[in-house]
Amino acid sequence: MNWHQTHALVTGGTRGIGRALVDLLVEKGAAVTATGRSRASVDQARQACPKVNWRVLDQSDENQRAEMVARLQGQGVNLLIHNAGVQQLHDFTQESDTLHFGTELETAINFVGPVELTRGMLPLMRAQANARVVFVTSGLALAPKRSSPVYCANKAGLRSFAKSLRAQLRHAKWPIGVTEALPPLVDTDMTRGRGRGKISPQAAASQILRGIESGKSEIYVGASALLRVISRISPALAEAIMIKR
Ligand SMILES: NC(=O)c1ccc[n+]([C@@H]2O[C@H](COP(=O)([O-])OP(=O)(O)OC[C@H]3O[C@@H](n4cnc5c(N)ncnc54)[C@H](OP(=O)(O)O)[C@@H]3O)[C@@H](O)[C@H]2O)c1
């Protein structure tokens, strides 16, 4: 991967892991277009990081996705990092569930958005050298936890989608690589006030970019590598460890 010849589109680049990815990509010399859901968040990120082409994109919105693809025509995007995501805590046994929004919207953001944005971007990326689509899923795609059933299902679905997409592109001889990055618990707004042993967004981003550099299909970040080993030896043990969370 020659970063100086890379134009990356990073979704959810305003905060957390996405922001760390954006900062590192800029440092490495890549051109970066990055998105956030809210105007306020995008404006704030633009002030802090003016080299980046910042755009508002609510990826659950079909029209906004189409506009983004149209805007990127001819811009030479060859690295698409699907990073944006939300995690809602749901307890299906409680009538007064504490969710901010429902299953359909959570799934539209975490699953439908990246899948359909990929569909729109593939024809643009097909003509680029060293093109790659990266899906940031989660260690929870390997084994779910109790507290976020929809999120875990979305990430497992995205993992499955990435595998099929990789096979389709190879079969069709389209020169676009597919990578899945599986972070462990990372210290961001998403995990504020819960969990222990978190790694920094910078550490997660740096491992993800190293994996992309080596053309890896799957990047097991931090403790996700251990979870992968356990789940290969005993899927039941991996599930038993994770489900209590
Ligand atoms: N943190 C963890 O422990 C962890 C672990 C494994 C995997 N992950 C995954 O890593 C990715 C980044 O997580 P994070 O912890 O860095 O999240 P975060 O700090 O909460 O940031 C979320 C990002 O997604 C954007 N976003 C939210 N809703 C969106 C929407 N509807 N359309 C487009 N963008 C939207 C936000 O934009 P605004 O700033 O405009 O709201 C923000 O840039 C996610 O896919 C997450 O599932 C995180």
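Let's start with Lys173. Lys173 is exposed, with 6 other C-beta atoms within 10 Å. The cut-off for exposed is 12 or fewer. This is a predicted model, by the way. Where does Lys173 lie? In the loop between helix H5 (149-171) and strand E6 (176-182). Its backbone deserves a look. Phi of Lys173 is near 60°, so we have a positive value in a residue that is not glycine. Most residues other than glycine have a negative phi.

Next, Asn130. Here too phi is positive, about 50°, and Asn130 is not a glycine. Asn130 sits in the loop between helix H4 (103-125) and strand E5 (131-136). Buried, exposed or partly exposed? Asn130 counts as partly exposed, because it has 14 C-beta neighbours inside 10 Å.

Now the ligand. Around it are 30 residues. Which come nearest? Gly12, Gly16, Gly36, Gly85 and Thr188. Helix H1, residues 16-28, gives the most to this shell, with 3 residues. By type, the shell has 16 polar residues, 10 nonpolar and 4 charged.

On to the core. The largest nonpolar core holds 58 residues. The ones with the most contacts inside it are Leu21, Val32, Leu80, Ile81 and Ile208. Take Val32. Which residues does Val32 contact, leaving aside its neighbours within four places in sequence? Ala8 and Val10, for a start, are in contact with Val32. So are Val22, Leu25 and Val26. Val52 and Asn53 complete the list.

That's the tour.

Conventions. Residues numbered from 1 in each chain as written. Predicted model: local features only at pLDDT ≥ 70, side-chain atom pairs only at ≥ 80, totals over all residues. Near = placed C-beta within 6 Å. Helix = DSSP H or I, 4+ residues; strand = E, 2+ residues; numbered from the N terminus. Nonpolar A, V, L, I, M, F, W, Y, C, P; charged D, E, K, R; others polar. Core = buried A, V, L, I, M, F, W, Y, C linked by C-beta atoms within 7 Å. Buried ≥ 20, exposed ≤ 12 C-beta atoms within 10 Å, placed from the backbone. Contact = placed C-beta atoms within 7 Å.
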